[in-house]
Amino acid sequence: MDKVLLPKKIEFGENALSEAEYPKNALVVTTAPPALSDKWLDKMGIQDYMLFDKVTPEPSIDDVNALISEYKEKKPSVLIGLGGGSSLDVVKYSASEFGVEKILIPTTFGTGAEMTTYCVLKFDGKKKLLREDRFLADRAVIDSYFMNGTPEQILKNSVCDACAQATEGYDSKLGNNLTRTLCKQAFDVLYDAIINDKPENYPYGSMLSGMGFGNCSTTLGHALSYVFSNEGVPHGFSLSSCTTVAHKHNKSIFYDRFKEVIEKLGFDKMELKADVSEAADIVMTDKGHLDPNPIPISKEDVIQCLNDINSGNL
Ligand SMILES: [Zn+2]
């Protein structure tokens, strides 16, 4: 049997944010300062809501507990996560404690988090990647409105992540016909948006990517990227090289078009500071990404990929 989990209602495209309806007595959870969240809430046209804007970036279980202790007695009708990954993650984890549905409204794009059952929270100071069916949104609202004013560098890194997730997801051994359909369509939308300068389609492509890879996994490209993350390289940027060499190594059908997209976006070459063999040892422990890779990966393969990245041989 194959399985795909998706939110019950997905509202997207132009004016989705203002045309969607929000129940009274909702609890809106965000990291954004009032100057910004006021603007967003105004645009949503939401009324009679409660606002919790004390979520810290890279939130921990303490943020979840603070939210629950402050608002559980107030019996919100629904939880709305409005913001980047941090706000969405706190809502993903808390909603079942409140016994209410959750609406996720991403103000950044790229990860497709509004579509997935992943949740990242810190426990005892350590980031943990959790995955449970209960983290799935009941509703998601995706609007390119939030892209206005986003710095070019962040847009580039975000759309690169969405492309990497879609194409690695397509190749994942955990995938099925439906995830491959979604991943392929996601990359087609993103490819067209990048090559033909239609950035307003990035959030839609990223949403499709989340629907696809979120129901299978990413693979070698993401496994390679974390040794660069450890050296402070932004996630999306690291994938520009890592996913390209991974696609070359896997002989992915997306290799040529992925490379084309990376060249169009214009990413700098990267170089690993750490010793390649030691880094390869770290990559090899990442079973979550390597096991679903379409072909088996040895330490020698990883070393070759890292050397290719260092020498710019993409
Ligand atoms: Zn990613």
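Here are three short exercises, with worked solutions, on the predicted model above.

**Exercise 1. Find the two domains and describe where they touch.**

Solution.
- Start with the bounds: domain 1 covers 9–147 and domain 2 covers 152–310.
- Next, look at the spacing: 26 Å separates the C-alpha centres of domain 1 and domain 2.
- Now go to the contact, where 15 residues of domain 1 meet 17 residues of domain 2.
- Finally, sort the domain 1 side by class: seven residues are nonpolar, seven are polar and one is charged.

**Exercise 2. Work out how helices α5 and α6 pack against each other.**

Solution.
- Locate the helices first: α5 spans residues 152–171, and α6 spans residues 177–195.
- Then follow their axes, which come within 8 Å and cross at roughly 145°.
- The crossing of α5 and α6 is left-handed.
- Pick out the residues that make the contact: α5 contributes, among them, Val-159, Ala-162 and Cys-163, while α6 brings residues including Cys-183, Phe-187 and Leu-190.
- Sorted by class, this contact of α5 with α6 holds 10 nonpolar, three polar and two charged residues.

**Exercise 3. Asn-15 has a positive phi, and so has Lys-251; place each one and decide whether it is buried or exposed.**

Solution.
- Take Asn-15, with a phi of about 65° although it is not a glycine.
- Asn-15 sits in the loop between β1 (9–12) and α1 (16–19).
- Count its neighbours: 11 other C-beta atoms lie within 10 Å, so Asn-15 is exposed, given that 12 or fewer counts as exposed.
- Turn to Lys-251, also not a glycine, with a phi of about 55°.
- Lys-251 belongs to the loop between α9 (235–250) and α10 (255–265).
- With 10 other C-beta atoms within 10 Å, Lys-251 is exposed.

Definitions and conventions: Residues numbered from 1 in each chain as written. Predicted model: local features only at pLDDT ≥ 70, side-chain atom pairs only at ≥ 80, totals over all residues. Axes fitted to C-alpha atoms, helices over the stretch in contact; angles between N-to-C directions. Helix = DSSP H or I, 4+ residues; strand = E, 2+ residues; numbered from the N terminus. Left-handed = near helix turned anticlockwise from the far one by under 90°. Contact = placed C-beta atoms within 7 Å. Nonpolar A, V, L, I, M, F, W, Y, C, P; charged D, E, K, R; others polar. Domains from an automatic or database assignment. Buried ≥ 20, exposed ≤ 12 C-beta atoms within 10 Å, placed from the backbone.
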